[in-house]
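Trainee: Before we discuss this protein, I should like to ask how each term applied to it is justified.
Mentor: Let us look at the model together and take the terms in turn.

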Amino acid sequence: MYVGRFLVAAPGLAAYRVSSRSFPNRKVIERDGSLTVVPTDDAEPTDNPYVSYNCLRTVERDGEELAVIGNGSHVDPIAEKAGMGYPARDALAASLLALDYEKDDYDTPRIAAVVGAETAFIGTVRRDALLVHEVTEPTVVATYETDSPQAFDLDAETAEAAAAELYDHAFEHAVCAAGVAVDGDGIETAIHNGE
């Protein structure tokens, strides 16, 4: 089954996978403290604004470390709002509502999560709804098919294992993945480009 981009989040752990039929030549890199989806060197040139973006940013708020993960440019304002003190739910809702779903041929939803050591919120904005949920167990949301948050069987316990598990998941057209683990000792990130 093809679900497009998807993420899984739970308290202390999250991962995101790029799945794509249209733009498969992409990878995740670390840049300026963020994880960023970019075209590979052999990718066809494109002016599509949805191909490259920060998919993972970390912020600190009042001594609490948070990770923001998602499928587009909305990751940046969510991280900025969370860092300014917005509750995770409000940072997600305000940013997703402001940017709305992607205005492409498929009205692609925007998906995101804000994860702390003890909390996780997951959200999506699509053509017909804005959904933000606090989650206590691994929960998935995708751009297609699974565009409402639902339980997900995730075995991983580390950022690296989460990125690899999502990359290897049976959903079709895997391109690259990123993972993050948040605990009282800090934040660990991981990249899985399938190489």
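**From values to terms**

Trainee: How do you know that the length of helix 2 agrees with its number of residues?
Mentor: Helix 2 has 12 residues, and at 1.5 Å a residue they should span 16 Å. The C-alpha atoms at its ends lie 17 Å apart, which agrees with that expectation. Please bear in mind that this is a predicted model.

Trainee: What makes the buried residues of helix 2 line one face?
Mentor: The buried residues are A88, A91, L92, S95 and L96. Viewed down the helix axis, they fall within an arc of 110°, so they line one face of the helix. L97 and A98, on the other side of helix 2, are exposed.

Trainee: Which elements do the buried residues of helix 2 pack against?
Mentor: They pack against strand 5, helix 1, strand 7, strand 8 and strand 9. Helix 2 is followed by D100, which has a positive phi, near 65°.

Trainee: Why is N54 called buried?
Mentor: Its relative accessibility is 17%, and buried means under 20%. N54 therefore counts as buried.

Trainee: Where is N54 found, and which side chains make polar contacts with its side chain?
Mentor: N54 is found in strand 5, which comprises residues 53–61. Its side chain makes a polar contact with the side chain of T36 at 2.6 Å and another with the side chain of D76 at 2.9 Å. The cut-off for such a pair of N or O atoms is 3.5 Å, and both values are within it. Beyond its neighbours within four places in sequence, N54 is in contact with residues including R31, S34, G70 and V75.

Trainee: Why is E157 called exposed?
Mentor: E157 has a relative accessible area of 72%, and exposed means over 50%. The term exposed therefore applies to E157. This residue is placed in the loop between strand 11 (150–151) and helix 3 (159–168).

Trainee: What makes strand 3 and strand 9 edge strands of the open sheet?
Mentor: The open sheet is formed by 7 strands in the order 3-4-5-6-7-8-9, with antiparallel pairing. Strand 3 (26–31) and strand 9 (129–134) each have a single partner strand, so one side of each is left without a neighbour in the sheet. From one strand to the next, the twist averages 15°.

Trainee: How do you know that strand 8 and strand 9 pair?
Mentor: Pairing requires at least two bridges, and 6 bridges join strand 8 (residues 120–126) to strand 9 in the antiparallel sense. Within this pairing, F121 has E134 of strand 9 as its bridge partner.

Trainee: Which strands does helix 1 touch where it packs on the sheet?
Mentor: Helix 1 (residues 75–84) touches strand 5, strand 6 (64–70) and strand 7 (110–115). Its direction makes about 0° with that of strand 5. Helix 2 (residues 88–99) also packs on the sheet, and its direction makes about 15° with that of strand 8.

Trainee: How many bridges join strand 10 to strand 11, and how many link strand 1 and strand 10?
Mentor: Strand 10 and strand 11 are joined by 2 bridges and run antiparallel; here V140 stands opposite Q150. Strand 1 (residues 6–10) pairs with strand 10 over 4 bridges, also in the antiparallel sense, and F6 stands opposite A142. Both counts satisfy the requirement of at least two bridges.

Key:
Residues are numbered from 1 along each chain as its sequence is written. This is a predicted model: local features need pLDDT of at least 70, side-chain atom pairs count only at pLDDT 80 or more; totals for chains, interfaces and linings use all residues. Side-chain values use heavy atoms; hydrogens and water are left out. Buried means under 20% relative accessible area, exposed over 50%, partly exposed in between (1.4 Å probe, protein chains only). A polar contact is a pair of N or O atoms within 3.5 Å; within protein, one must be able to donate a hydrogen and the other to accept it, and residues adjacent in sequence count only if both atoms are side-chain atoms. Contact means heavy atoms within 4.5 Å. Axes are lines fitted to C-alpha atoms, for helices over the stretch in contact, and angles run from 0 to 180 degrees between N-to-C directions. The expected span of a helix is 1.5 Å times one less than its number of residues. The arc is that of the directions from the helix axis to the C-beta atoms.
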